[in-house]
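Me: I'm new to this structure. Could you take me through one part of it slowly, the place where two helices pack together?

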Amino acid sequence: MVDKTLGDAEKMIGGSVSTLGKGAEGFSKEFMDFLNKYQVIGLAVAFVIGSAATKLVNSTVTDIIMPIIAVIIPGGDWRMATLEIGPLKFLVGDYAGAIIDFVIIALVIFLLVKYIMKGDTSKKV
């Protein structure tokens with residue numbers, strides 16, 4: 001009697017395991033379809049390259065372009081300039097530096113994309 005019950009249990013478990021295996025195959029295929037349809041691998045590669053390009057552009061702005069601007073703008077450490085109105089202290093030099101950084105970074109990226117796209121900036125990247 002025990003053998004018969006054990007045999008029935010093995011049949012039930014075996015059927016479930018094969019069903020689970022088919023479900024795992026379906027999940028695997030569905031996952032691969034998702035990766036291909038939405039081009040997730042390409043997006044991941046673009047993200048990694050984008051973060052490396054960000055470091056390169058930031059370094060170019062900070063180490064090469066901003067020292068030239070610092071020489072052109074009189075007054076030495078202009079990023080520390082503040083505007084005090086009563087108890088309020090506005091860091092206008094830091095804000096102006098952030099604006100200049102943004103404009104330079106945007107210009108460098110524009111020139112890179114324009115060069116890569118060979119002058120046709122209407123194409124999507």
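Here is a close look at that part.

Reply: This is a predicted model, where local features need pLDDT of at least 70, side-chain atom pairs count only at pLDDT 80 or more, and totals for chains, interfaces and linings use all residues. Residues are numbered from 1 along each chain as its sequence is written, and side-chain values use heavy atoms, leaving out hydrogens and water.

Let's start with the packing. H2 and H3 (helices being DSSP runs of H or I, at least four residues, numbered from the N terminus) pack at about 120°, their axes 10 Å apart. Those axes are lines fitted to C-alpha atoms over the stretch in contact, with angles running from 0 to 180 degrees between N-to-C directions. The two helices are therefore oblique to each other, the word for whatever is not under 35 degrees (roughly parallel), over 145 (roughly antiparallel) or 65 to 115 (roughly perpendicular).

Now the residues that touch, meaning heavy atoms within 4.5 Å. From H2 come Val 57, Asn 58, Val 61, Ile 65, Met 66 and Ile 69, and they meet Ile 100, Asp 101, Ile 104, Ile 105, Val 108 and Ile 109 of H3. By class, this contact has ten nonpolar residues, one polar and one charged; Ala, Val, Leu, Ile, Met, Phe, Trp, Tyr, Cys and Pro count as nonpolar, Asp, Glu, Lys and Arg as charged, and the others, Gly among them, as polar.
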